[in-house]
Amino acid sequence: MRRARDLEKLRGERVTILWPGGPYNFALEVSYAEPSAMSGWVDWLTIHGVCVEPEGPQHHGGRSFFVRPVEGEERTYALLPKRDG
C-alpha cells in the first residue's frame, strides 16, 4: 500500500491516466491522491485533480479517477479496462 508521504509527492504533478480500450487517455494535474480502502484493491488509489487533456471543454475541470500504477512507468496510472457492450 502506498504511504501518505508517497501520495503527497503527487500534488501538483502531471500524470497520465491510461484508459485501456477507451478512445483516448487523460492527462491530469494532481490536487491530491488517496489509497483505496477496499479490501483486495491494495495498489489502487483515487487521484483527484484538473484534467488538462484530451482537448475539449467536456473533459476539462475537476475529475477523479480510480486507478492503479502501471508497472515500469513513472507517473502513469491505468483505469479498469473498458467493458464491451
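This briefing describes the fold, the core and the strand pairing of one protein chain. The model is predicted, so that local features need pLDDT of at least 70 and side-chain atom pairs count only at pLDDT 80 or more, while totals for chains, interfaces and linings use all residues. Residues are numbered from 1 along each chain as its sequence is written, and side-chain values use heavy atoms, with hydrogens and water left out.

**Fold**
- The chain holds one helix and five strands, in the order α-β-β-β-β-β from the N terminus (DSSP runs, helices H or I of at least four residues and strands E of at least two).
- Of the 85 residues, 31% are buried (under 20% relative accessible area, 1.4 Å probe, protein chains only).

**Nonpolar core**
- The largest nonpolar core (buried Ala, Val, Leu, Ile, Met, Phe, Trp, Tyr and Cys residues joined through side-chain atoms within 4.5 Å) has 15 residues, of which Leu 10, Ile 17, Leu 45, Ile 47, Val 67 and Tyr 77 touch the most other members.
- Strands E1 (14-18), E2 (26-35), E3 (45-53) and E4 (61-69) each supply at least two residues of this core, and E2 gives the most, with four residues.
- Leaving aside residues up to four places away in sequence, Val 67 has contacts (heavy atoms within 4.5 Å) that include Ile 17, Trp 44, Leu 45, Ile 47 and Tyr 77.

**Barrel and pairing**
- The five strands form a closed barrel in the order E1-E2-E3-E4-E5, with mixed pairing (at least two DSSP bridges between two strands).
- E4 and E5 (residues 76-78) pair in the antiparallel sense over two bridges, and Arg 68 stands opposite Ala 78 in E5.

Notes
Buried < 20%, exposed > 50% of the residue type's maximum accessible area, 1.4 Å probe, protein only.
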